[in-house]
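The exercises below move from the relation between two chains to the parts within one of them. Try each task on the displayed structure before reading its solution.

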Number of protein chains: 2
Amino acid sequence: MALIVQKYGGSSVGTLDRIHHVASKIAEHKRNKHDIVVVVSAMYGETDRLIHLAHALTPHPDPREFDVLISTGEQVSMALLCMALHAIYCPARSFTSSQIGIQTDDVYNKARILNVKTDRIKSELQKGHVIVIAGFQGITQHGDITTLGRGGSDTTAVAIAAALRADECQIYTDVDGVYTTDPHLVPEAQLLPIISFEEMLEMASLGAKVLQMRSVELASKHNMPIRVLSTFSSGPGTLVTFEDKIMHKRLVSGIAFSQEEAIISLAGIPKQIGLEGLILDKISQAYIEIDMIAQNTTAQDTVDFTFTVQRREHSKALKIIEDVAKKMGATSVKTNAKVAKLSLVGIGMRSHTGVASVMFKALGEAGIPIQMITTSEIKISVVIDEAQLERGVRVVHQAFNLDQRPVLAENYIE
Amino acid sequence: MALIVQKYGGSSVGTLDRIHHVASKIAEHKRNKHDIVVVVSAMYGETDRLIHLAHALTPHPDPREFDVLISTGEQVSMALLCMALHAIYCPARSFTSSQIGIQTDDVYNKARILNVKTDRIKSELQKGHVIVIAGFQGITQHGDITTLGRGGSDTTAVAIAAALRADECQIYTDVDGVYTTDPHLVPEAQLLPIISFEEMLEMASLGAKVLQMRSVELASKHNMPIRVLSTFSSGPGTLVTFEDKIMHKRLVSGIAFSQEEAIISLAGIPKQIGLEGLILDKISQAYIEIDMIAQNTTAQDTVDFTFTVQRREHSKALKIIEDVAKKMGATSVKTNAKVAKLSLVGIGMRSHTGVASVMFKALGEAGIPIQMITTSEIKISVVIDEAQLERGVRVVHQAFNLDQRPVLAENYIE
């Protein structure tokens with residue numbers, strides 16, 4: 001008998017039929033004598049409907065009241081799910097975050113969980129009930145309602161699992177798990193049975209389609225394994241866990257990518273201490289988010305500085321940078337508004353050199369120029385033309401044999 | 001400066017435009033330096049949408065979860081109303097019944113309020129905020145969500161007003177107030193500036209379209225005057241208050257009526273102690289609600305017994321009664337499934353005889369046979385053919401000069 005926290009996302013409870021389906025899955029786990037705590041999202045589309053309502057009413061809805069409004073979505077789905085469980089004679093009780101005591105800070109619309117009380121959950125579990133809790137929300141110390149931001153239900157589930165010291169936190173979603181890359185782009189992409197927290201975090205854009213990144217950080221912090229599973233098919237999904245739990249480490253685990261990026265380069269900036277800060281100062285003052293940064297100092301007296309922003313902020317950022325370039329005496333500003341980022345992720349590359357060269361060689365042989373490179377310990381990211389992204393992902397995917405299953409021995413590092 | 005509790009019903013907040021309109025009304029009261037506590041219903045149609053959702057999911061939704069579900073309707077409207085208030089720079093904060101502490105018993109779907117905490121309301125009022133509270137709901141001592149039944153927001157408003165010892169409880173609705181009779185039926189019906197709690201309670205069917213009867217009982221118990229007003233027009237509405245606050249008492253205040261009734265009579269039942277109980281026992285066992293009861297004992301050894309039920313339960317009730325009649329040896333069962341009840345209500349008739357005869361004479365002269373009569377201290381009800389209801393209401397309305405405004409002196413009793 002295990003204590004399992006399960007989270008069902010908006011598409012999993014998107015229709016009444018799906019709610020019945022989820023109820024039958026939960027009841028089956030319950031029959032297997034597990035203790036089940038369920039965290040549920042709003043029905044697909046409901047949160048958007050409420051947000052639309054608020055913005056149709058007033059262009060700048062009060063943040064406190066905005067959370068009061070949109071938190072109702074999960075309350076609706078938790079009640080419906082419990083009704084569906086009752087209908088198949090599975091005893092269940094729903095609770096809001098206020099009733100459980102999921103305490104957050106008071107940053108409305110993107111609150112962070114500070115503490116989860118477990119006494120009510122434990123006493124209800126002892127009565128044999130399935131507990132269904134509204135995800136995505138909490139209360140401040142004054143009892144005001146907060147929400148955690150998009151995808152916050154994942155974080156709720158992990159926080160509750162950590163507080164209860166659950167055996168596993170299962171995230172049920174509409175995909176089978178985490179893949180070596182996006183199967184929509186590369187049909188040969190393979191399901192990863194296991195991945196480390198760090199890799200999952202570095203997968204960012206790819207992983208974010210499956211799990212909210214903050215929930216992965218939280219799970220990593222509390223050593224709470226997460227299993228990503230499909231609500232609509234059987235299969236073990238992907239276990240996201242600590243690196244030392246992974247017996248067979250892969251050299252690389254997957255390829256993430258993000259589109260809609262833009263690159264801006266300043267060349268020949270006369271050297272001065274703190275010039276990087278001066279460049280980015282104006283950008284951050286304009287609330288433009290910067291993704292990648294790379295800097296070269298090949299020349300003796302000048303520096304080249306390159307960064308990427310989201311495409312929709314490109315023209316705004318470029319205008320600022322042209323002004324900055326003039327003031328700092330840079331020789332030129334180069335830019336490309338139609339680029340994409342391709343990232344190779346794997347804990348194995350930490351101890352193995354040569355990964356980068358295999359990647360660059362594959363891209364080079366495919367005739368794809370690299371416009372920028374950044375690296376972290378377990379990730380190599382390159383910027384390429386967006387038009388060449390799909391081919392880029394494919395050739396790198398093949399270069400590391402990620403399309404082969406079972407995965408070839410040579411791809412394991414221990 | 002006064003402390004005013006205002007309740008806005010579902011049609012008052014039925015669209016975003018109406019929510020803006022209500023916000024401007026509230027802000028105006030606030031500018032007049034009043035302390036304002038607002039109780040709000042779900043947007044028109046929302047509660048029905050949620051009920052439909054539950055019943056589409058399962059034929060017998062769990063009562064606890066049903067309340068969790070439908071209580072979200074008011075949470076949505078209170079948040080939207082506060083946003084609209086913020087948008088016009090009127091500081092406002094919304095609170096669920098859990099946040100305020102509106103404690104009820106644990107009878108889900110039709111809970112009764114036991115206690116209203118006022119400390120949070122008072123401290124927020126001191127900060128200069130308009131307080132917006134979700135109507136229709138409460139929490140049990142264990143913190144479970146309950147709802148108060150249809151129209152429960154009126155009761156919430158009165159309970160809060162009573163707990164705060166507010167100066168007035170204003171119920172904003174889509175009618176101008178309480179009329180002498182239904183203006184849809186009798187266009188000459190007049191708005192009553194004032195009416196006693198007892199009359200309002202006896203107006204039942206007529207009053208229930210304006211105010212939930214339980215809220216009138218509660219207001220009467222706590223001596224809390226209620227003012228019924230229109231959200232959509234100005235005007236003083238109708239003040240519902242204690243009899244001794246009414247300076248000029250009318251002989252009669254209004255004519256209520258209800259359609260969709262059916263009458264069943266047993267004639268010639270041999271006398272026996274407790275026969276009334278025996279007759280109604282089977283009816284109540286079948287969960288059929290009885291409205292009026294009249295009994296005559298003109299004959300020496302037999303009794304006539306007449307009662308009314310709602311029309312939709314007529315055939316069920318008739319079948320039971322035919323069986324009962326046979327067992328008890330009644331000579332006949334008479335019935336009419338298409339009758340209506342017409343009730344004349346007025347605190348004045350308590351001390352004045354002759355009201356009944358004026359009423360019966362008016363009906364007689366109009367050629368409308370009376371099929372049944374019952375009386376209470378301030379009410380006379382008759383059953384007539386439903387086809388004659390409209391004409392019956394008109395002639396009685398005229399007989400008491402209820403269609404004249406300003407009301408004639410002779411219609412006042414002091």
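**Exercise 1. Determine which turn and which shift lay chain A on chain B, and name the relation that results.**

Solution. Bear in mind throughout that this is a predicted model. Begin with the superposition: chain A can be laid on chain B with an RMSD of 0.1 Å, and the operation that does this is a turn of 180 degrees with a shift of 0.0 Å along the axis. That is the relation of a two-fold axis. Next, look for the part of chain A that comes closest to this rotation axis, which is A:Thr72, whose C-alpha lies at 2.8 Å.

**Exercise 2. Describe the side of chain A that touches chain B, by helix and by residue class.**

Solution. Start with the counts, which are 27 residues of chain A in contact with 27 residues of chain B. Then assign the residues to helices: helix 1 (16-31), helix 2 (46-57), helix 3 (63-70), helix 4 (72-87) and helix 5 (97-100) of chain A each supply at least two residues of this side, and the largest share, 11 residues, comes from helix 4 of chain A. Sorted by class, the side of chain A that touches chain B holds 17 nonpolar, eight polar and two charged residues. Finally, compare the two chains: 100% of the interface residues of chain A are also interface residues in chain B, so the copies meet through the same surface.

**Exercise 3. Find how the two domains of chain A are placed and what joins their surfaces.**

Solution. Chain A is divided into domain 1 (3-249) and domain 2 (255-411), and the centres of these domains, taken over C-alpha atoms, are separated by 33 Å. Across the boundary, 16 residues of domain 1 of chain A are in contact with 18 residues of domain 2 of chain A. On the domain 1 side, helix 8 (residues 197-208) of chain A gives the most, with seven residues, while the classes on that side are five nonpolar, five polar and six charged.

**Exercise 4. Work out how helix 12 and helix 13 of chain A pack.**

Solution. Helix 12 (residues 355-365) and helix 13 (residues 389-399) of chain A pack at an angle of about 135 degrees, with their axes 9 Å apart. That angle makes helix 12 of chain A oblique to helix 13 of chain A, and the crossing is right-handed. The contact is made by A:Val358, A:Met359, A:Ala362 and A:Leu363 of helix 12 and by A:Gly392, A:Val395, A:Val396 and A:Ala399 of helix 13; these residues divide into seven nonpolar, one polar and no charged.

Note on methods. Residues are numbered from 1 along each chain as its sequence is written. Chains are lettered from A and ligands numbered from 1 in the order in which they are written. This is a predicted model: local features need pLDDT of at least 70, side-chain atom pairs count only at pLDDT 80 or more; totals for chains, interfaces and linings use all residues. Two residues are in contact if their C-beta atoms, placed from the backbone, lie within 7 Å. Helices (H or I, at least four residues) and strands (E, at least two) are DSSP runs, numbered from the N terminus. Ala, Val, Leu, Ile, Met, Phe, Trp, Tyr, Cys and Pro count as nonpolar, Asp, Glu, Lys and Arg as charged, and the others, Gly among them, as polar. Copies are superposed by least squares on the C-alpha atoms of residues with pLDDT of at least 70 in both. Axes are lines fitted to C-alpha atoms, for helices over the stretch in contact, and angles run from 0 to 180 degrees between N-to-C directions. Angles under 35 degrees count as roughly parallel, over 145 as roughly antiparallel, 65 to 115 as roughly perpendicular and the rest as oblique. A crossing is left-handed if the near helix is turned anticlockwise from the far one by less than a right angle, and right-handed if clockwise. Domain bounds come from an automatic or database domain assignment.
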